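User: I am new to reading protein models and would like a close look at a single part, taken slowly. Could you choose one and walk me through it?

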Amino acid sequence: MLKKELNPITGARAYLFAVTANLAVQIFVAVVLAAATVLSGGSALNVDIAESAPFNFSVMLLIQAGFTLVYYLVVNRGGFHPLICFKNKTSPLNYIFAVILGFVSILAFYPLTLLFSGLIEKTGYTISALSDMKTPFDFILGIFVLLIAAPFGEELIFRSALISGIKKDSGYIKAVLLSALAFCFMHMSPSQTMYQFLLGIVLGFAALITRSVAVPMIIHSVSNLTALLLDYTALGNFAEKIVLGMPSDFIAVLTGTGFTAVFGAIIVLILFLMKKFHAKTTVNLKLESLPLAENEQMRQEMPKESKEKDPSSKQARFIYFAALGICIIMWIVSLLTGIFGKAA
């Protein structure tokens, strides 16, 4: 079966359906917890269960399963070929660069993330504590969800489907920024919004440069692993004391910005190297399959992408902003709940 090129409206639909799946899981879980609380006469046990690591990781796993199912139904069963997918090959070095990017991204964005979280907390928002992984099962489930399931499901939606659709009639920067916005607000976590947006930019550029969805998955996974180390080890407390223990907010912002600038420059350099090595790999792969007499003609034709606007673009934009609007509303609800809900 000859697959069609993934168009803007298909990418937007995948995003909207993924948001719907996310909300459906959360509403279902909320209803089950409410019913259990009523039936048990308001038992505190239900609160303990809702805050436990296995419960929260299981909910996250359900959401990622929903994302994967949406991608399968909308993209694969729909007969579409996304610009960014597993079949696209890139240089083996780019997978190594992906691991480095996942680690460096934390170093680049962590100071600004702490500062942003501090500003959010000044509104009265209470940042929810992470669930403790008390047993080997908690640890295994958490590692599977955060390092495998989440990068897999989210990169399929936000990079393979959404960016492939947006890029059809937009430039690199617009595609990356729109996907990063969708990515950060979908998490509905006010304190992590800054980091998720900046990471989304890195993931978007890496995906567009290599055309391989495996590359942003690796970056995402390593980033989550590094974040776990910061959250569950003394390293995170040490970094937080340094950033938030500055003598003034001005110095803290200045230091955080400088730290971000230095490691941000390293990120740009790595992305440049990825583009360079990917270009060489792409040319070699395409020319290997052709007779020598056709090589020069192939060189003249690469790369050429269609510049025609897709007729479904206006409808795709409407669907995209509708889905983004839903996420922003839920983000605001989450913020207000963190401010007034905990106080109550």
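Analyst: What follows is a careful look at helix 12, and then at some of the helices linked to it. Please keep in mind that this is a predicted model.

Helix 12 covers residues 313-341, which makes 29 residues, and from its first C-alpha to its last it reaches 40 Å, close to the 42 Å expected at 1.5 Å a residue. Its buried residues include Ser-313 at the start of the list, the aromatic residues Tyr-320 and Trp-331, and also Cys-327, Leu-335 and Ile-339. The buried residues of helix 12 pack against helix 1 (8-39), helix 4 (92-121), helix 5 (136-167), helix 6 (172-186) and helix 7 (193-210).

One of these partners, helix 5, deserves a pause, since the structure holds one salt bridge, and that salt bridge joins Arg-159 to Glu-155, with the closest N and O atoms 2.6 Å apart. Because Arg-159 and Glu-155 lie four residues apart in helix 5, about one helical turn separates them. In general, an α-helix has 3.6 residues a turn, so residues three or four places apart point the same way. Both Arg-159 and Glu-155 are buried.

Helix 5 also has helix 3 against it, for the buried residues of helix 3 pack against helix 1, strand 2 (80-81), helix 5 and helix 6. Helix 3 itself runs through residues 53-76 and reaches 33 Å, close to the 34 Å expected for its 24 residues, and among its buried residues are Phe-57, Gln-64, Phe-67 and Tyr-71.

Terms used
Residues numbered from 1 in each chain as written. Predicted model: local features only at pLDDT ≥ 70, side-chain atom pairs only at ≥ 80, totals over all residues. Heavy atoms only, no water. Helix = DSSP H or I, 4+ residues; strand = E, 2+ residues; numbered from the N terminus. Expected span 1.5 Å × (residues − 1). Buried < 20%, exposed > 50% of the residue type's maximum accessible area, 1.4 Å probe, protein only. Contact = heavy atoms within 4.5 Å. Salt bridge = Lys/Arg side-chain N within 4 Å of Asp/Glu carboxyl O.
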